[in-house]
Amino acid sequence: MRRILAMSLGIFALDQITKYFVVEMLDLKTRLAIDVLPPLINFRMAWNEGINFGLMSGLQVDAMRWILIAVSVVISGWVLWWGRNFTGWFAAFLIGCIVGGALGNSVDRYIYGAVADFLNMSCCGFRNPFSFNVADIAIFIGAFGLVLFSERLNRRA
């Protein structure tokens, strides 16, 4: 469990540090767009009030913000409880990615009222309209990794 908590804290910290640096220090919240390595990597400010890809963001119900925070905390708690059955660094990394990412996005919802998304990647004539953040990447890696490798991960006897 210590490994999982350490990984969760590391992912959470990385997410919050990158958001603070890009959104606040580079002032992306005001500038709205910064080209980093166009067209591959750009910063594009997006405030996600909903769930993945902004789904349900049009509801604009303040209660939705608190519901999403609560759901995220409950799911994180369940993933931690479920993850106690696994041993090893790889399992801790995957579970930590999910928990740290979910809690990172929950902190955004608490502070800003929405999740701060800023990474935008496009390539080869395709313009991606969506932005995402480190927490989103971590949640994807953790969930995808657990789906692919959960049967191979070391479990407690």
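Is Arg44 buried, partly exposed or exposed? With a relative accessibility of 27%, Arg44 counts as partly exposed. Keep in mind as we go that this is a predicted model.

Let's stay with Arg44 for a moment and look at its partner. The side chain of Arg44 meets that of Asp35 in a salt bridge, with N and O 2.7 Å apart. Asp35 is at 49% relative accessibility, so it counts as partly exposed too, since the exposed class begins only over 50%. The idea behind such a pair is simple: side chains of opposite charge can pair when their charged atoms come close.

How many salt bridges does a search of the whole structure find? The count is four. Another one brings together the side chains of Glu24 and Lys29, again at 2.7 Å from N to O. Here Glu24 has a relative accessibility of 24% and is therefore partly exposed. Lys29 falls into the partly exposed class as well, because its relative accessible area is 37%.

Now for a pair in another setting. Lys19 and Asp108 form a salt bridge in which the closest N and O atoms are 2.6 Å apart. This one ties together distant parts of the chain: Lys19 belongs to helix H1, which covers residues 2–25, while Asp108 belongs to helix H4, and 89 residues separate the two. Both Lys19 and Asp108 are buried. The pair also has company, as Asp15, Lys19 and Asp108 are linked in a network of salt bridges.

Helix H4 is a good place to pick up the next thread, which is how helices pack. Two packed helices are described by the angle between their axes and the distance between the axes. For helix H3 (residues 62–83) and helix H4 (residues 89–112), the angle is about 160° and the axes are 9 Å apart. An angle over 145 degrees counts as roughly antiparallel, so that is how H3 and H4 run relative to each other. Their crossing is left-handed.

Which residues does H3 bring to this contact? Its side includes Arg65, Trp66, Leu68, Ile69 and Ser72, and further along Val73, Ser76, Val79, Leu80 and Gly83. Facing them from H4 are Ile95, Ile98, Val99, Ala102, Leu103, Ser106, Arg109 and Tyr110. Sorted by class, the contact has twelve nonpolar residues, four polar ones and two charged ones.

Finally, follow the backbone through some loops. Most residues other than glycine have a negative phi, and most peptide bonds are trans. A few spots here go the other way. Asp27, in the loop between H1 and helix H2 (28–31), has a positive phi near 55° without being a glycine. Its relative accessibility is 28%, so Asp27 counts as partly exposed.

On the other side of H2, in the loop that leads to E1, sits Leu32. Leu32 is not a glycine either, yet its phi is positive, at about 70°. With 49% relative accessibility, Leu32 is therefore in the partly exposed class.

The last stop is a peptide bond. Where is Pro39? Look in the loop between strand E1 (33–37) and strand E2 (41–48). The bond that joins Pro38 and Pro39 is cis, with omega at about -5°.

Technical notes
Residues numbered from 1 in each chain as written. Predicted model: local features only at pLDDT ≥ 70, side-chain atom pairs only at ≥ 80, totals over all residues. Heavy atoms only, no water. Axes fitted to C-alpha atoms, helices over the stretch in contact; angles between N-to-C directions. Helix = DSSP H or I, 4+ residues; strand = E, 2+ residues; numbered from the N terminus. Parallel < 35°, antiparallel > 145°, perpendicular 65-115°, else oblique. Left-handed = near helix turned anticlockwise from the far one by under 90°. Contact = heavy atoms within 4.5 Å. Nonpolar A, V, L, I, M, F, W, Y, C, P; charged D, E, K, R; others polar. Buried < 20%, exposed > 50% of the residue type's maximum accessible area, 1.4 Å probe, protein only.
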